[in-house]
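User: I should like to study this protein chain step by step. Please show me the sequence and the structure before we begin.

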Amino acid sequence: MKKIKRILAACDLSAYTGNVLNTAIGLSDSLDAGLLVVNVINQRDMDSVREALEKIAFGYENVPISLAQHRADMESERLQSLREAVDNAGGADRECDCLIKIGVPFQAIMETIEQEQADLVVMGTKGRSNISDVLLGSTAERLFRRCPVPLLSVRLGSRGEH
């Protein structure tokens with residue numbers, strides 16, 4: 001088995017985040033591996049904001065916020081939320097990298113796996129939208145099919161509790 005040197009924890013700041021981080025931090029400590037915590041801002045959401053700002057800007061000279069400012073604010077808020085989540089999961093005294101990406105979540109995670117040379121991915125079974133308790137999250141499902149490294153899925157609660 002290949003030595004696991006770098007673990008990527010994909011966190012969407014949903015109810016799964018604490019469990020994902022507890023698992024990733026525990027594995028990182030046990031395996032003496034580096035930890036990278038990644039959150040992806042969905043490009044679809046950014047496109048919606050851009051369209052809304054364009055509609056607001058039509059006929060006005062001064063729009064109170066730009067898309068670039070909105071993006072910077074979102075990245076800053078999410079980075080702070082990730083760091084707080086890591087601290088709450090028992091990682092306050094450990095070194096870990098936190099990264100915010102923008103794009104299609106599945107694609108952004110796949111790119112990050114390659115760019116950051118992750119050897120293992122830890123993520124929740126469902127995401128923020130959690131449309132149905134029956135269906136696996138679409139990002140998780142795509143990663144299960146195509147992830148180039150082992151992927152560990154973490155359920156909400158213990159022993160199947162929700």
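User: What percentage of the residues of the chain count as buried?

Analyst: The model is a predicted one. A residue counts as buried when its relative accessible area is under 20%. Of the 162 residues of the chain, the share that meets this condition is 38%.

User: In what pattern do helices and strands follow each other along the sequence?

Analyst: The chain contains five helices and five strands. Read along the sequence, they give the pattern β-α-β-α-α-β-α-β-α-β.

User: Which element gives the largest share of the largest nonpolar core?

Analyst: The largest nonpolar core has 25 residues, and Ile-7, Ala-9, Leu-21, Leu-35 and Val-37 are those with the most contacts inside it. Elements that give two or more residues to this core include strand E1 (6-10), helix H1 (17-31), strand E2 (34-42) and helix H3 (67-91). The largest share, five residues, comes from H3.

User: Which residues is Val-37 in contact with, leaving aside its neighbours within four places in sequence?

Analyst: A contact requires heavy atoms within 4.5 Å. With the neighbours within four places in sequence left aside, the residues in contact with Val-37 are Ala-9, Cys-11, Leu-21, Leu-82, Val-86, Cys-96, Asp-97, Cys-98 and Leu-99.

User: How many residues has the second, separate core?

Analyst: This second core is separate, and its members include Leu-36, Phe-106, Ala-118 and Ala-140. Its number of residues is 17.

User: What share of the area that the chain exposes do carbon and sulfur atoms supply?

Analyst: The chain exposes about 9900 Å². Of this area, carbon and sulfur atoms supply 48%.

How values were computed: Residues are numbered from 1 along each chain as its sequence is written. This is a predicted model: local features need pLDDT of at least 70, side-chain atom pairs count only at pLDDT 80 or more; totals for chains, interfaces and linings use all residues. Side-chain values use heavy atoms; hydrogens and water are left out. Helices (H or I, at least four residues) and strands (E, at least two) are DSSP runs, numbered from the N terminus. Buried means under 20% relative accessible area, exposed over 50%, partly exposed in between (1.4 Å probe, protein chains only). Accessible areas come from the Shrake-Rupley method with a 1.4 Å probe; for residues, only the protein chains shown count as cover. A nonpolar core is a set of buried Ala, Val, Leu, Ile, Met, Phe, Trp, Tyr and Cys residues joined through side-chain atoms within 4.5 Å.
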